[in-house]
Amino acid sequence: MNNELPPGLALQKVDERIMTLNVGPQHPGSGHMRIIVQIDGDFIVACDPDPGYVHRGEEKMAEYRNYITNIPHLERPVIHDSCNILYPYVLGVEELLGIEVPERAKYIRVIASELNRCVYTMYWLAIYGIFLGHSTMFMWPAGDRELLIDLLEKMTGARVTHAHFVPGGVRNDLPPNFEDVCLRQVNYFEKRIKEYAAIFYDNPILIARTANTGVLSRQDAIRLGTTGSVLRASGVDYDLRKKEPYDVYDELDVHSNVMKEGDSYARSKIPWLDMLESCNIIRQALQKMPKSGSVRVKLKPNPKGKGLDSVYKRVESGRGSLGCYIVSDGKPEPYRLKLSVGSFRNLIALPYLLKGEKLGNMPAVYWSLNYWPVEADR
Amino acid sequence: MNTATGIIKALNSGIKHLAIKRFTLRYPEEKLKFVGDGYQFDPSTGVGIAGQKGRHMLFHDHCTGCQLCSIACEGVAEAIAMVKVPEEYKHNKKAIMPQIDYGKCVFCGLCVDACPFYALYMTNDYELSSFSKEGLIYTPAQLQVKPFVSQDSEIKITNRGATHG
């Protein structure tokens, strides 16, 4: 190699031990995103998550559609959790338009959003299981998820993208005899997910794999602004269903699950405990729900806001706090719509968690963040 | 709990499932049962009737050619086009009716919510695959036909677990 360089040109110094590795964006281990990791032997020395591969411009699209036609496309970022991503939008539009929602509709929304949270968490659990090499944990949640998808299909008419929530209530009333079917299937679902403890959560192999990997301390969790299961796994009791109850959550007895460890094991166990809690909430809501009554307020064909106004609403989704900021200028379309999603907030913790870990632990840490790439990119 | 007991417990909980009937639905042979005849909407109360959001059904004797379904679809999928029909009705002077492209439709059902004349409903028919793009475009005459959907399977829960049957 010729050592005489042209004047003004300097070569970057190459580190002999460090190698840069691209994980993704089409690698099944990372979802639709790229994680750039620098490794020294088997250890990760630096990590740079690179989201944006599936950016769709949902927020800009929302500025060209009216408050009703925004509904089908806004649920696309998380099709498994579509009721929860519509929830803050619908609550915000209701406040902008000054609509009072019927009591029965509020309970139906709570049931739909809790069922949807379980459907999302089961899908996530299946992925988490398969990336830790546990094939049974892929098959069981993917099968048992069918129980709840069947309920949502009876309720809303679609298996994944429901388009069920509208400003002013829900699209349709519950089908006849739904309460009994729902209670029976949710009870069986709860019995099934309790069986997961023996095969997955109490399994010494899983504990050896995930305990004490990627530890996020309580201070770091607060400082980095994480939400949802990541925050609660680090010992901070912050559940929006309890702290800022929306709709009828203040009438229901909600218990928020907290663990102190802050490692991958705790982060993967909190969503499972949340599913057990969701079953509890669904049973309470079915009991307290008014047996009849209206479920939707009749709106004008093209509802408009009342002049310059803005509103911010947030709910607890399967991945943490999910907020929606809407600015209205009195037209049928929103002037600006901003989605603040839990996935994107939790991603910032990844470089801190992976530093010093082995490369083989990357999927265990990365998927424990409950991260959904499509939602984070919007 | 020590490691050996934990692993044996985990294996045991899996082995128990060998004796249980499978839960999976054998799709082409068995088909799921739905509630009702599909998603419908009652414009007098402004509330829908629960049902599967599948292929649409158009009632020619109700449709006035008002284009509200087409306008509702504009911001969503632009799947509905208004086309000329040969029949002439007293209530449909322009003789236009919706034609739906299922290559674009997202099955949200907002067109059904928009119809004020009880003319457009959704049915349980979800098997719409076709060998060509043109085969996915349903003309008003095709939408008039009520589909036959076989429904035989439902989730059954017994003490020994859940099955489709």
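# A tour of chains A and B

Start by selecting chain A and switching to a cartoon: its secondary structure comes to 15 helices and 8 strands. Keep in mind that this is a predicted model.

**Stop 1: chain A as a whole**

Zoom out until all of chain A is in view. Along the principal axes, its C-alpha atoms fill a box of roughly 80 × 55 × 35 Å. How does the radius of gyration of chain A stand against that of a compact globule? Chain A has 22 Å, which agrees with the value near 21 Å that a compact globule of 378 residues would have.

**Stop 2: the sheet S1-S2-S3 of chain A**

Now select residues 18-23, 34-40 and 43-50 of chain A, which are S1(A), S2(A) and S3(A). These 3 strands form an open sheet in the order S1-S2-S3, with antiparallel pairing. S1(A) and S3(A) are the edge strands, each pairing on one side only. Ignoring direction, neighbouring strands of this sheet are turned by 20 degrees against each other on average.

Next, look at the pairings one by one. S1(A) and S2(A) run antiparallel and are joined by 6 bridges. Between S2(A) and S3(A), also antiparallel, there are 7 bridges.

Show A:Ile35 as sticks; this residue of S2(A) has A:Val23 standing opposite, and its bridge partner in S3(A) is A:Pro49. Then move to A:Asp40, which stands opposite A:Phe43 in S3(A). Here S2(A) and S3(A) form a hairpin with 2 residues between them. Which residue in the turn has a positive phi? Pick A:Gly41, where phi is about 65 degrees.

**Stop 3: helix H4 of chain A and its partner H11**

Leave the sheet and select residues 103-131 of chain A, helix H4, together with residues 264-288, helix H11. The two pack at an angle of about 155 degrees, and their axes are 9 Å apart. H4(A) and H11(A) are therefore roughly antiparallel to each other, and their crossing is left-handed.

To see what fills the contact, show side chains on both helices. From H4(A), the contributors include A:Tyr107, A:Ile111, A:Cys118, A:Trp124 and A:Tyr128. From H11(A), look for A:Pro271, A:Trp272, A:Met275, A:Ile282 and A:Leu286, among others. Colour by class and you will find 15 nonpolar, 3 polar and 4 charged residues in the contact of H4(A) with H11(A). Among the residues to pick out are A:Glu114 and A:Arg117 on H4(A), and A:Asp274 and A:Lys288 on H11(A).

**Stop 4: helix H4 of chain A and its partner H5**

Keep H4(A) on screen and add helix H5 of chain A, residues 136-156. The axes of H4(A) and H5(A) come within 8 Å and cross at roughly 160 degrees. That makes H4(A) roughly antiparallel to H5(A). The crossing of this pair is left-handed.

On H4(A), residues in the contact include A:Ala112, A:Val119, A:Met122, A:Tyr123 and A:Ile130. Facing them on H5(A) are residues including A:Met137, A:Phe138, A:Leu148, A:Leu152 and A:Met155. By class, the contact of H4(A) with H5(A) has 18 nonpolar, 2 polar and 2 charged residues.

A useful trick is to highlight A:Leu115, A:Cys118 and A:Leu125: they belong to the contact with H11(A), and they also appear in the contact with H5(A).

**Stop 5: where chain B meets chain A**

Bring chain B back into view. How many residues does each chain give to the contact? Chain B gives 30 residues and chain A gives 32. On the side of chain B that touches chain A, the elements giving two or more residues are helix H1 (3-15), strand S2 (47-49) and strand S8 (155-158). Select H1(B) to begin with, as this helix gives the most, with 7 residues. By class, this side of chain B has 16 nonpolar, 12 polar and 2 charged residues.

**Stop 6: strands of chain B**

From the interface, follow S8(B) into its hairpin. S8(B) is joined to S9(B), residues 161-164, by 4 bridges, and the two run antiparallel. The hairpin connects them through 2 residues. Show B:Thr158 and its bridge partner in S9(B), B:Gly161.

Finish at the open sheet of 3 strands in chain B, ordered S4-S5-S7 with antiparallel pairing. Its edge strands are S4(B), 80-84, and S7(B), 137-138. S5(B), residues 96-101, is joined to S7(B) by 2 bridges. For a last pick, select B:Ile100, which stands opposite B:Tyr138 in S7(B).

Technical notes: Residues numbered from 1 in each chain as written. Chains lettered and ligands numbered in written order. Predicted model: local features only at pLDDT ≥ 70, side-chain atom pairs only at ≥ 80, totals over all residues. Contact = placed C-beta atoms within 7 Å. Nonpolar A, V, L, I, M, F, W, Y, C, P; charged D, E, K, R; others polar. Axes fitted to C-alpha atoms, helices over the stretch in contact; angles between N-to-C directions. Parallel < 35°, antiparallel > 145°, perpendicular 65-115°, else oblique. Left-handed = near helix turned anticlockwise from the far one by under 90°. Pairing = 2+ DSSP bridges. Rg over C-alpha atoms; globule rule 2.2 N^0.38 Å.
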